[in-house]
Every structure is written in structure tokens, then in C-alpha cells.
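Good morning, everyone, and thank you for making time for this. Please have the sequence and the structure in view while I talk, and stop me wherever something is unclear.

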Amino acid sequence: MKNWDSLDEHGVCTADRDCEDAYRVCQILDIPFHQVSYVKEYWNDVFSDFLSEYEKGRTPNPDIVCNKHIKFSCFFHYAVDNLGADAVATGHYARTSLEDEEVFQQKRIKRPEGLFRDRFEVRNAVKLLQAADSFKDQTFFLSQVSQDALRRTLFPLGGLTKDFVKKIAAENRLHHVLQKKESMGICFVGKRNFENFILQYLQPRPGKFISIEDNRVLGTHKGWFLYTLGQRARIGGLREPWYVVEKDGTKGDVFVAPRTDHPALYRDLLRTSRVHWIAEEPPAALVRDKMMECHFRFRHQMALVCRLLQRG
């Protein structure tokens with residue numbers, strides 16, 4: 001699947017290299033190789049949203065949006081509808097509440113649209129479950145995937161550790177993919193100098209770093225939208241680390257605080273919109289009590305914390 005068109009900062013088209021690697025795997029396993037391009041869809045549904053959110057001063061997660069719109073929508077429907085696949089298998093470290101045999105035993109029923117769809121929905125909802133390897137668990141990135149796609153998805157690595165997967169790959173002559181570095185950059189775009197990359201698409205808006213404690217100007221930056229609340233602000237000439245507390249989009253200033261334990265960095269209330277419920281929409285406890293306890297994370301590999309979710 002090719003979703004991004006340009007060269008990386010070393011002039012290499014990583015998509016072409018990934019394509020060759022996948023083709024070699026298919027040759028070794030003696031299975032057919034298909035290639036699809038979703039460059040236009042990725043730009044419209046993922047990257048444009050990514051830029052728009054940054055301009056508003058928020059920090060989107062393109063990997064989550066890509067899984068929702070591209071991998072588990074465009075690609076999923078291509079596999080099922082065009083190739084006649086029974087299910088899609090991906091290399092995510094995650095699991096579902098369905099056993100592999102149950103995935104294949106299902107009859108394909110198109111979910112009814114419209115007002116009364118829930119009355120006709122008799123199947124048990126499929127739950128997204130964490131992987132056995134908690135360090136590699138990727139359920140955070142799958143949190144927006146639809147119920148229909150999840151119902152026909154296999155996660156063969158869900159019960160394995162990364163080391164064991166590497167062992168299997170080595171035993172099956174897949175050394176060329178074992179040598180690849182892990183991809184830690186933007187989904188399909190790759191790892192880059194983030195500031196340089198984003199400023200190719202958004203106009204620089206120079207501003208000041210200001211201390212939250214005494215309003216001192218500590219340095220300058222190229223755009224307030226480049227910074228995420230809580231991140232370390234790399235300000236030249238300062239010994240101790242300072243962290244982003246607040247952003248003023250009107251003036252373009254970024255307010256910073258010293259130390260990770262500064263009171264200004266903490267919040268006890270978070271407002272959210274567009275909640276995506278995977279299995280039960282919305283959960284019965286939330287409907288009944290207008291609140292429910294849940295475990296929460298806003299960053300991959302962050303420890304889950306118990307929080308009270310209130311509705312409305």
C-alpha cells in the first residue's frame with residue numbers, strides 16, 4: 001500500500017523500498033503480491049486534517065487517523081470487496097475478542113444503515129484487546145477502527161513478543177526485513193526533522209518563549225503551532241529544561257515552565273468531543289449513571305491512569 005509520494009530528506013523514496021521488501025517476502029512465502037495506491041485519499045483524509053489541526057494549535061495523531069481512514073477502510077474494503085479476502089491480517093501488536101476460527105466462520109452481513117440499525121444488530125460486538133507484549137502494544141493507534149473492520153481483522157502478532165517474532169522471521173529466511181530499522185516517524189511519511197517538514201506546508205509565525213513565572217522572554221521560535229503542551233521546549237542558552245505550559249495563538253507566544261513537576265503543567269479536567277466507541281456505543285454504564293470509571297492514555301506507551309468520565 002503506497003500512501004505518500006515524495007522523497008525523504010536523503011532523497012530516497014522509502015515507499016519504493018518498502019514495496020520491494022514486501023514483494024520479496026511474497027516471493028519467499030509463494031503468495032501473490034498486490035499493490036494499491038491511496039496517495040490522494042491519504043492527503044485528503046489524513047494529511048490535510050493533520051495540517052489543519054496543527055494550525056489550530058492542537059497536536060493530532062496521524063497514525064490513528066490513517067488506521068481509521070486508510071488501512072482499515074480503503075485498504076480493508078479493497079481486500080474484502082476486490083480481492084475476495086475473508087479477512088485482513090496486519091502486523092499490529094493487538095488482539096480482539098474473536099478467535100481466528102471465529103473470524104473465518106462468520107457470514108458477511110452488511111451492517112444496516114439508518115435509524116433502526118441497532119435493532120437488527122444481533123451479533124456480539126468485537127472488542128479490541130491489548131497485546132501480550134505490553135511494551136509493543138499498539139491498541140492506542142487502533143482506537144478509531146470501526147467495528148465492521150475489526151470483525152474481519154486478524155492480529156497474528158497479538159500473542160507474541162517482538163523477540164519471538166524476530167526469531168520466526170529469521171527461521172523463515174526473512175533476513176532483509178529483520179535488518180530494517182523500526183519505523184517511528186509519521187505514518188507512511190517516515191522519520192524526519194519535524195520542524196523543517198511541517199514548515200514546508202505551514203507558514204512560519206515567529207514568536208517568543210515566555211516564562212510563566214515572571215513573564216521573562218527566554219528565547220524565540222518559528223511558530224507557536226509547532227509545540228505541544230507538556231513537551232520540552234528546546235531554548236538555546238538555557239541550562240535547565242523548560243516545558244510548554246500554554247500557547248497564545250493571537251500573539252504567537254509560547255509560555256514555558258521549569259521542571260517536569262511544575263504545577264502549571266498539571267490539569268485535573270479534560271474536555272473531549274467525537275468519542276469513538278468500539279464495542280458498545282455508548283457504554284450502558286455511561287448512559288445509566290451519566291458517568292463511568294475508565295482507564296485513559298493520551299500517548300502511546302504512557303501508563304494507563306484511572307479517570308472518571310462524565311457525559312454532557
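Let me begin with a question: which residue stands opposite V256 in β9? The residue standing opposite V256 is V244, and I will come back to the strands that surround this spot after a few words about the whole chain. Please keep in mind throughout that what we are looking at is a predicted model.

The protein chain has 10 helices and 11 strands, and buried residues make up 34% of its 312 residues. If we take the contacts between residues at least 6 apart in sequence, 61% of them join residues at least 24 apart. The chain exposes about 20200 Å², and carbon and sulfur atoms supply 51% of that area.

Now back to β9, where six of the six residues are buried. In a regular strand, the side chains alternate between the two faces of the sheet. In β9, D253, F255 and A257 lie on one side and V254, V256 and P258 on the other, and all of these are buried, so that both faces are covered. As for its neighbours, β8 pairs with β9 in the antiparallel sense over six bridges, while β5, residues 207-211, pairs with β9 in the parallel sense over three bridges. Within that second pairing, F255 in β9 is the bridge partner of I210. β8 and β9 also form a hairpin with four residues between them, and in the turn G252 has a positive phi of about 85 degrees.

From here we can move to the interior. In soluble globular proteins, nonpolar side chains tend to be buried together. The largest nonpolar core in this model has 29 residues, and those with the most contacts inside it include Y42, F47, V254 and V256. At least two residues of this core come from each of α2, α3, α9, β8 and β9, and α2 supplies the largest share, namely six residues. Apart from this core lies another one, of 18 residues, with A79, A87, V103 and I278 among them.

What about the aromatic rings? The structure holds 17 aromatic pairs, and one of them is formed by W4 and Y42, which meet edge-to-face at 5.9 Å centre to centre, with 80 degrees between the planes. Because W4 lies in the segment before α1 and Y42 in helix α2, this pair ties together parts that are 38 residues apart in sequence. W4 is buried at a relative accessible area of 7%, and Y42 is buried as well, at 0%. Another pair is that of F140 and F141, whose ring centres are 5.4 Å apart and whose planes are at 80 degrees, so this pair is edge-to-face too. W4 and Y42 also belong to one aromatic cluster, whose members include W43, F47, F50 and Y201.

Let me finish with the cysteines and with one lysine. A search of the whole structure finds zero disulfides; C26 is in none, and the nearest cysteine sulfur, that of C19, is 9.5 Å away. C26 counts as buried because its relative accessibility is 10%, under the 20% cut-off, whereas C19 is partly exposed at 22%. Finally, K2, in the segment before α1, counts as buried at 19% relative accessibility. Leaving aside residues up to four places away in sequence, K2 touches several others, including A15, D16, Q35 and Y38.

Terms used:
Residues are numbered from 1 along each chain as its sequence is written. This is a predicted model: local features need pLDDT of at least 70, side-chain atom pairs count only at pLDDT 80 or more; totals for chains, interfaces and linings use all residues. Side-chain values use heavy atoms; hydrogens and water are left out. Buried means under 20% relative accessible area, exposed over 50%, partly exposed in between (1.4 Å probe, protein chains only). Contact means heavy atoms within 4.5 Å. Accessible areas come from the Shrake-Rupley method with a 1.4 Å probe; for residues, only the protein chains shown count as cover. A disulfide is a pair of cysteine sulfur atoms within 2.5 Å. A nonpolar core is a set of buried Ala, Val, Leu, Ile, Met, Phe, Trp, Tyr and Cys residues joined through side-chain atoms within 4.5 Å. Two strands pair if DSSP finds at least two bridges between them. Rings of Phe, Tyr and Trp (its six-membered ring) pair if their centres lie within 6.5 Å; planes under 30 degrees apart count as stacked, over 60 as edge-to-face and the rest as tilted.
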